[in-house]
Amino acid sequence: LCGDLKMQVPFLFSLLCLQVIKCKAAVLWEANKPFSIEEVEVAPPKEHEVRIKIMASGICRSDDHVITGALVMPFPIILGHEAAGVVESVGQRVTSVKPGDKVIPLFVPQCGECTNCLNTKGNLCSKTDLDTSAGLMPDGTTRFTCKGKAIYHFLRTSTFTEYTVVHESAVAKIDSAAPLEKVCLIGCGFSTGYGAALQTAKVEPGSTCAVFGLGGVGLSVVMGCKVAGASRIIAVDINKDKFAKAKELGATDCIDPKDFNKPIQEVLMEMTGGGVDYSFEVIGRTDTMTAALACCQYNYGVSVIVGVPPAAQEISFDPLLLFTGRSWKGSVFGGWKSKDAVPKLVADYMKKKFVLDPLITHTLPLTKINEGFDLLRTGK
């Protein structure tokens, strides 16, 4: 009997710990409506799952794409995918993190078993929800309920909530001294832009680059190009208010397409004597994607699509743009293998190898999330 009790006590204790948590979350009930701050129930983590107390979450244009319908997802949903927090509890067979660990959720997981994870050339794990839009955990269920209704997950992270549940393959343990309100940006925006330059394009020293779009991701591309040793970094945006910060982070030139009476690709070709070595589209518009491709050097230029393409839109371009030798690439999460790279990027931040403060313009409580999205849409 004593032996049986010794076996049962830890098990009973774990059951007591893993209870449903009630907390606040920003729920989006339907498209083109504001977020509603609701009390939601967050279920305990199942096997190989982790429940996280979210301490800080960034606002990303990809979240806004769901609101507008440009990125199709099921409703109601809890958005957010760029965050940092602390592990509250873990399900059975979780080995990589424990309660109390500081972590970053990963919207691109790394299972370590699929073809992409095992191949050095790819980083888009087959367990990602990017291409399915299912809005569910890998087992096909949700961990959120509100007012008796099931609430969908976003990219299996859902960080606009005080607590969330993710699969163990979608969480990375980070330095316990890292400031979560800063390194949350490594969960998406910074890593995506920085890696697009260093990992996807592999920008070379002395090269010329053009960056279309100077939001947080675009500025991170600028930082990556500078670290790679680019000699000229041309920043392109229709909001001149962003030019000062772009130059602070490494841009050598800043231009507004509205200042010219010719297509921006022609302007860039003239500025560089034949086109840039590398271009980056960080907006998510099909017209700027083709412009970014066209402004590359005709024989060996590389153009990278970083901005999320709008749903149900096709792109038209002259195939001669590729026939002569240009390369057109896409980049998700900067090409980083997430579980491997995120802790290292946090470590690099702690060693002051790059800065994050210039990317943070405002800090707001969860209850003011709609104001945050207004600031995003107005370019502030």
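In this predicted model, cysteine 184 has a relative accessible area of 5%, so this residue counts as buried. Cysteine 146 is also tucked out of reach of the probe: its relative accessibility is 0%, and it is therefore classed as buried.

Neither residue has found a bonding partner, and the distances help to explain this for cysteine 146. The closest cysteine sulfur to that of cysteine 146 belongs to cysteine 23 and is 10 Å away, which is too far for a bond. A disulfide calls for two sulfur atoms within 2.5 Å. Cysteine 184 takes part in no disulfide either, and the nearest cysteine sulfur, in cysteine 188, lies 11 Å away. Across the structure, the number of disulfides is zero.

Turning to the strands, an open sheet is built from six of them, arranged in the order 12-11-10-13-14-15 with parallel pairing. Its edges are formed by strand 12 (253-255) and strand 15 (327-330), each of which pairs on one side only. From one strand to the next, the twist averages 15°. At one of these edges, strand 15 joins strand 14 (residues 302-305) in the parallel sense through four bridges. Here, valine 302 sits opposite serine 327 of strand 15.

Helices also meet this part of the structure. Helix 9 (residues 286-294) packs on the sheet, where it touches strand 10 (208-212), strand 13, strand 14 and strand 15, and its direction makes about 175° with that of strand 13. Helix 5 (residues 189-201) lies across strand 13 (278-281), strand 14 and strand 15, and runs at about 135° to strand 13.

Technical notes. Residues numbered from 1 in each chain as written. Predicted model: local features only at pLDDT ≥ 70, side-chain atom pairs only at ≥ 80, totals over all residues. Heavy atoms only, no water. Buried < 20%, exposed > 50% of the residue type's maximum accessible area, 1.4 Å probe, protein only. Pairing = 2+ DSSP bridges. Helix = DSSP H or I, 4+ residues; strand = E, 2+ residues; numbered from the N terminus. Axes fitted to C-alpha atoms, helices over the stretch in contact; angles between N-to-C directions. Contact = heavy atoms within 4.5 Å.
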